[in-house]
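User: Could you take a close look at one helix for me and show me how it sits in the whole assembly? I work at the bench, so please explain the terms as you go.

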Amino acid sequence: MNLRSLGALPVAIAGTLIPFALLLVVFWVPDDADQGFSQRIFYLHVPVALVSYLFLGLGAWYAVRYLRTRDPIDDLRSYVAIHQGVIFGSYVLLTGPIWAKVSWGQWWDWGDRQLNVFLILFLFYSAYFMLRFSVDAGPRRATLSAGYALLGIGLVPLSFLAVRIAETVIHPTPLIRADGPQIEASMLVTFGLMLAGAAALGFALFSVELRGKLIDERMRRLRRRLRGEAVL
Amino acid sequence: MIELETAVWYVGAAYAVVWLLTILYVGLLRQKLGRLERDLAAAEEQLAAQAPDEHAGAGV
Amino acid sequence: MSGFWRTTWLLARKDLLLEARSRELTLAMGLFALASLVLAQYATGAAAEADRALLASGLVWLVVLFTAMLGLQRSFAAERDEGLFDALLLAPLDRSAIWAGKAVALTALLLLIEIVLVPLTWLFFFEGSTAAAPSLVTLCAALALANLGVAGAGSFVASLASAARQREVLLPVLFLPAVTPLLIAGVAATVGSAQGEPVTQPLLLLLVYDAVVGVLAWGAYDHVITE
């Protein structure tokens, strides 16, 4: 695997920002007034959540593009973007409970908006993959996937709103939350760096996986040609 | 508030989980690329084997 | 645009007329809803009375969703199997009307089922109970709004699933996450009305969901369902 195929720029950015930001997280940022040291998970949990949203949005964008251009590469871009979105989403679902356990003493918190939204989105986009696996490769699979991803455009904000509204009406057992802690400049800077680093990492992985898929496709066509079959 | 030691453990665990999963994912990608390279080599061989036949057939 | 609505109405009418004659889907959905409600009753039997009332507010929504799923399965399976779907796609009509027609028909069926389901929920869970009951008006309004969203999202998703392998298994997987916001908002409205909270926000969300999904499905259907 040579450096060129890695999409060097995002890797370089991620490679510098993330270790640096991690150092800041460990040594520089102050303890949170309410939660103390454990609040530092925030610098991981929220950036991966935002990056996940970013890639899911990108996936929807490429899905719309596919429906216009019918270019199979747009379909692959959409698929890989959604894949990254789900991967980062799973990071949210893993770090969330850890944070909940150390902060509030329980492994799951139905009052945590992000966790709820990501749970719904995780289910929705897992269904996306199931849909993809239920159709053979080709324009039909691409079109159906794009259609479902399109529904996701509406679902992301709607899920968020639904969870938020339900909170105000139903009042789950309130865990005293320090929503919006006093953000100091150092926290903001570190957060920003982690966010940028995570996004860069996401893009690096995105470009590698996309290239892999494209080469896969070329291999498939090559093999068919070699067997003397017509190439689809 | 939880004591510092446990807190450090949990925070570390969160970062470690994400890190390990990312490494795992990269490993899977490398595996896939390796497979692609092997397939490519096999296809090249096949093409080389076919080429002599193609030249023979072209004259017909 | 008037062609769209006319075609929608014609297609919905076709489905509903067929259903009126055979009544098999309505009966199946109705019995399923009833059985589910009874099961829900037994499942929550151990809970304290006040809790059961709250549970009922949520469970009735779950039953509606599963009943809708049943209706979707049947509605789309029939057309696929008999090649009617292909015929419709070949016809020179606004394809989105196919989606809309299915959605309207399913909405009507759901309303019909709910006319029976809501009183029964009352009977099973709230009759003779001292627990706070949700406002009937709120529940009906929420259900009416949600039906549109359930049918709209459901018909869209069912069309996607019906073009794939294992469509019977795929439909629930695609459908349930997509309608989760409806359930969340619906339950919020129902429980909220029982607790005396203002319910305009959840009801508004139901409306927004209907609008957003409606526009998305209407706009995309033609591009997405090509065979």
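User: The part I would like to follow is helix H3 of chain A, from residue 72 to residue 104.

Analyst: Happy to help; let's start with the ground rules and then go to the helix. This is a predicted model, in which local features need a pLDDT of at least 70, side-chain atom pairs count only at pLDDT 80 or more, and totals for chains, interfaces and linings use all residues. Residues are numbered from 1 along each chain as its sequence is written, while chains are lettered from A and ligands numbered from 1 in the order in which they are written. The predictor gives the complex an ipTM of 0.87 and a pTM of 0.86.

Chain A, the home of your helix, has 6 helices and 0 strands. Helices here are DSSP runs of H or I with at least four residues, strands are runs of E with at least two, and both are numbered from the N terminus. Along the sequence the pattern reads α-α-α-α-α-α. Of the 232 residues in chain A, 49% are buried. A residue is called buried if 20 or more other C-beta atoms lie within 10 Å of its own, exposed if 12 or fewer, and partly exposed in between, with C-beta atoms placed from the backbone. Among the contacts in chain A with a separation of 6 or more, 78% link residues 24 or more positions apart. A contact means that the C-beta atoms of two residues, placed from the backbone, lie within 7 Å.

Now the helix itself. The expected span of a helix is 1.5 Å times one less than its number of residues. For the 33 residues of H3(A) that gives 48 Å, and the end C-alpha atoms are 47 Å apart, which agrees. H3(A) is mostly covered, since 25 of its 33 residues are buried.

Both flanks of the helix have a backbone detail to look at. Ahead of H3, Arg70(A) lies in the loop that follows helix H2 (42–69) of chain A. Its phi is near 55°, a positive value in a residue other than glycine. Most residues other than glycine have a negative phi. Arg70(A) counts as partly exposed because 14 other C-beta atoms lie within 10 Å. After H3(A) comes Gly105(A), whose phi is also positive, near 85°.

Within the helix, Arg77(A) is a good residue to click on. Arg77(A) is buried because 22 other C-beta atoms lie within 10 Å. Leaving out residues up to four places away in sequence, Arg77(A) touches Tyr62(A) and Leu210(A). By contrast, its C-alpha atom is 34 Å from that of Leu24(A), 53 residues away along the chain.

Next, the partner helix. Two packed helices are described by the angle between their axes and the distance between the axes. H3(A) packs with helix H4 (residues 113–133) of chain A at an angle of about 145°, with the axes 9 Å apart. Here the axes are lines fitted to C-alpha atoms, for helices over the stretch in contact, and angles run from 0 to 180 degrees between N-to-C directions. The crossing of H3(A) and H4(A) is left-handed, meaning that the near helix is turned anticlockwise from the far one by less than a right angle, whereas clockwise would be right-handed. H3(A) contributes residues including Gly85(A), Gly89(A) and Gly96(A), and H4(A) contributes, among them, Phe118(A), Phe122(A) and Tyr125(A). By class, this contact has 12 nonpolar, 5 polar and 1 charged residues. Ala, Val, Leu, Ile, Met, Phe, Trp, Tyr, Cys and Pro count as nonpolar, Asp, Glu, Lys and Arg as charged, and the others, Gly among them, as polar.

Finally, step back to the neighbours of chain A. Of the 2 pairs of chains that touch, A and C have the most contacts. That contact takes 32 residues from chain C and 30 residues from chain A. On the chain C side, H7(C) gives the largest share, 12 residues, and the classes are 23 nonpolar, 6 polar and 3 charged. The contact between chains A and B takes 25 residues from chain B and 26 residues from chain A. The chain B side has 20 nonpolar, 2 polar and 3 charged residues. Chain B itself has 1 helix and 0 strands, and 7% of its 60 residues are buried. No contact joins chain B and chain C, whose closest C-alpha atoms lie 25 Å apart.
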